[in-house]
Each structure stands twice: as structure tokens, then as C-alpha cells.
Amino acid sequence: MSSNNKKRVFSGVQPTGSLHLGNYLGAIKNFVNLQNDFDCLYCIVDLHAITVWQNPEDLRANILDVASAYLACGIDPTKSTIFVQSAVPYHAELSWIFNCISRVGWLNRMTQFKEKAGKNKEKVSSGLYTYPNLMAADILLYLADLVPVGDDQKQHLELTRDIAQKFNNDYSKFGGKDFFPIPEPLIFEESSRVMSLRDGTKKMSKSETSSMTRIELRDENDLIIKKISKAKTDPFPIPESIGELDNRPEVKNLLNIFSSLSEEPILNILNNYSGKQFSDFKNDLSDLLINRLSPIRQELIKIDNDESFLREVLNDGAIKAKKKSEKNIKEIKKIIGLG
Ligand code: AMP
Ligand code: TRP
């Protein structure tokens, strides 16, 4: 809870490449909708990014790119706190404390680590393994109540809740009782998992080599049309009922995207297109995407030309974030016996 009695919201995006439709529909669009009712902090999580090698020049550019995307999508720096994680040293400090609270058995269950490490477990950084403890530190440093994320982050949120609970219990006799709120994930089901345009069983991702698998926020209209027209479907017409989508992941994904952009239930969309081939549907889907994304692209271009404004937003954001967390880190250290 923040000082003005509004519930507190925290979320973050990694500066690891061009932001895409999955980031927008699964996360950033919802960040925008929350900022009137809650005290929101939106972070660019650069310390998470370096759990995997990043070229320093690309990293510097990507940090500014996520900040621009936040602004271009409608996050208002006078309402929300937009800041870079490494500008507030308490995140790293609290993550060390959480390395000592969190259990190895808990981290061993994390499916994202297993997916990212793959067969290469011995060679990945130890930061990739303890990454969820840093994510817990991001959230709990601000005593956040709500965390809007895509479905892939649900397990990390559960770990955050476990860490909060264990801290509160372990230190209950030392001032830790009920210290951390137990944060809730905010997952908006219809857009929580946007899948690759080429394989409906894989999520749309920044790290996929082919950019044809994703719509990026900076894609020009022609490229959007091309990517949608080449998006994988199957030889069958559009079905009548939702049940018939079960074994058609690519078709289901395109319908989900249509539904979250138009804010119409899937059944209405099926009513309009059932029995038809994909060309009409794809044309309308491209129109919807262009309508939604081209104003964002225009804003991105404006912000690209005004780097000093962007730096000012991030400087102010870091000052505000420090103010919101300073008292908490001091108290946490005191509870533990560190000063
Ligand atoms: P990342 O790009 O991993 O830093 O993710 C930033 C935010 O976007 C997180 O809340 C993710 O859950 C969300 N996100 C990333 N990829 C997708 C996707 N394909 N579908 C829905 N949400 C996503
Ligand atoms: N782990 C998240 C992702 O990969 C990014 C993230 C880091 C985050 N810290 C966070 C999200 C705190 C929500 C809250 O998408």
C-alpha cells in the first residue's frame, strides 16, 4: 500500500530486444489501464537482462527503447513511476537477502530456468538461476500488492509469495510479522499468452531468431500486413464454436489476438467469420493491428527525436522510486539484524 492509500502495482520488462505484440497485449496495455486507480511503478529490469550475455551498446539502447515503449503506449510519467532497475541499488541489495531466504528446492522447480538453460545447465550464469529471487526483490522492495504480468510469470509470482511468507514467519518475533504483503498476480486471461505467428505452441518472444514470428511495436504497416498474411493457419475453414479450436493452435492464437484488440468475445468473431477462408479474417486482423499500433509507432518516432526528455523521465523516476523504497530497505535490514 502506498502513502496515499492507493494499492501499489509493480511490473517490469527486460531490455533485451524489440518489444512485440505479446509484451503489449500481455503486459503494457494493462499497465496503462491501471495507472488511474493505483500507485504504479513500471521498471526497466536491466539487471534481469544481464543474466544472459548482452552486448553493452545494445543493452544501453534497449533500456531507452523499453522506456520509449512505455511512454508511447500511454504510461504517463506524471501518474506512474517509470525507472531503470539498476538506478536503485536496493533491488540488488534485497535480492542478496532473498538469496538467503529462498530455498534451492524452490528454484529447482522454476520451469523458465529449465527452458532457458536447456541442456546447458552447467554453463549458464548463476544469475539466471537466482533470477526469481531478484524479481521477488523488485516487487517486495516497494511492498507492492498487485503485479500485472503475462501467464509465463505466474510461477515466479508464486515464488515471490513464498519468499514474502517465509520472511514474515522467520522474523515474526523481530518485527517481521506481516511485514511484506503477499502480492497477487494480475493476469488478463484473454491476452496472457500471445503465441508465435509461425508455431502456435510456442510463445511470441523477443529471442526467437525469425522476426516473422512476431509483430514488433516498430513494424511499418506493410510489414504487419506481410507478417499476418504469412502467419501459419491450416487448410480448414474458420469454425463455428470455440471447442473446435482445441487442436488448431495457430488459428486459436490469431482469434485471441483479434479478440483482445477488438475487445470482442471470440464467439462474436467466430459468428462473423465461420465457414470462411482466412483471407478476409486476416485482412481485418491486419487493419485492427495497424489501427492500434501505428499511433504507438508515431509516438515512438517522436520520442526517438527527444532523448533528453526520455532521460529526464528516467531521472525523475529513479528519484521517486528511491523515495518509495528507502524506508523499506532500512526496515528490512533492521529486522534481520543488519544495523
Ligand atoms: P519480457 O519480454 O520477458 O521481459 O516480458 C515482459 C512482460 O511481457 C511480462 O509480463 C511477460 O509476461 C509479458 N509477455 C512476454 N511475452 C509474452 C507473450 N508472448 N504473451 C503474453 N505476454 C507476454
Ligand atoms: N521476469 C519478468 C519477465 O521476464 C520481468 C520482471 C522482472 C518482472 N522483475 C519483475 C515482472 C517484477 C513483474 C514484476 O517478463
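**Rings and ligand shells in a predicted model**

Q: How many aromatic pairs does a search of the whole structure find?
A: This is a predicted model, so local features were only taken where pLDDT is at least 70. Searching the whole structure for aromatic pairs gives a total of 15.

Q: Is the pair of phenylalanine 98 and phenylalanine 180 stacked or edge-to-face?
A: Start with the distance: the two ring centres sit 5.8 Å apart. Then take the angle, where over 60 degrees counts as edge-to-face. The planes of phenylalanine 98 and phenylalanine 180 meet at 75°, so the pair is edge-to-face.

Q: How many residues apart in sequence are the parts that phenylalanine 98 and phenylalanine 180 tie together?
A: Phenylalanine 98 belongs to helix H4 (residues 90-99). Phenylalanine 180 is in the loop between helix H8 (154-170) and strand S5 (184-186). The pair therefore ties together parts whose separation in sequence, in residues, is 82.

Q: Is phenylalanine 180 buried or exposed?
A: The cut-off for buried is under 20% relative accessible area. Its ring partner phenylalanine 98 has 0% and is buried. Phenylalanine 180 has 2%, so this residue too is buried.

Q: Which residues do ring pairs link into a cluster?
A: We've already met one edge-to-face pair, phenylalanine 98 with phenylalanine 180. Both of those belong to a cluster linked by ring pairs, and its full membership is Phe98, Phe167, Tyr171, Phe179 and Phe180.

Q: Which residues is alanine 137 in contact with, leaving aside its neighbours within four places in sequence?
A: Alanine 137 sits in helix H7 and, at 0% relative accessibility, is buried. With the neighbours within four places set aside, alanine 137 touches His91, Leu94, Ser95 and Phe98.

Q: How far apart in space are alanine 137 and lysine 252, C-alpha to C-alpha?
A: In sequence, 115 residues separate alanine 137 from lysine 252. In space, going C-alpha to C-alpha, the distance between alanine 137 and lysine 252 is 36 Å.

Q: Which element gives the most to the shell around ligand 2?
A: There are 13 residues around ligand 2, with Gln14, Tyr131, Met135, Asp138 and Gln153 the closest. Strand S1 (8-13) and helix H7 (126-141) each supply at least two residues of that shell. The top contributor, with four residues, is H7.

Q: What share of the accessible area of ligand 2 does the protein cover?
A: Look at the polar atoms around ligand 2: an oxygen of the ligand is 3.0 Å from a polar side-chain atom of glutamine 14. An oxygen atom of ligand 2 also lies 2.7 Å from a side-chain N or O of tyrosine 131, and a nitrogen atom of the ligand is 2.7 Å from a side-chain N or O of aspartate 138. On its own ligand 2 has 370 Å² of accessible area, and the share covered by the protein is 91%.

Q: How much of the area that ligand 1 exposes when taken alone does the protein buries?
A: Backbone polar atoms come into play here, with glutamine 14 at 2.9 Å from an oxygen of ligand 1 and glycine 150 at 2.8 Å from an oxygen of that ligand. Asparagine 23 puts a polar side-chain atom 3.0 Å from an oxygen of ligand 1. Taken alone, ligand 1 exposes 480 Å², and the part buried by the protein is 92%.

Q: How many polar residues does the shell around ligand 1 have?
A: Ligand 1 has 18 residues around it, and helix H1 (residues 21-34) gives the most, with four. By class, five are nonpolar and four charged, while the polar ones number nine.

Definitions and conventions:
Residues numbered from 1 in each chain as written. Chains lettered and ligands numbered in written order. Predicted model: local features only at pLDDT ≥ 70, side-chain atom pairs only at ≥ 80, totals over all residues. Heavy atoms only, no water. Near = heavy atom within 4 Å. Polar contact = N/O pair within 3.5 Å; in protein donor to acceptor, adjacent residues only side chain to side chain. Areas by Shrake-Rupley, 256 points an atom, 1.4 Å probe, with all protein chains shown as cover. Phe/Tyr/Trp six-rings, centres within 6.5 Å; stacked < 30°, edge-to-face > 60°. Buried < 20%, exposed > 50% of the residue type's maximum accessible area, 1.4 Å probe, protein only. Nonpolar A, V, L, I, M, F, W, Y, C, P; charged D, E, K, R; others polar. Contact = heavy atoms within 4.5 Å.
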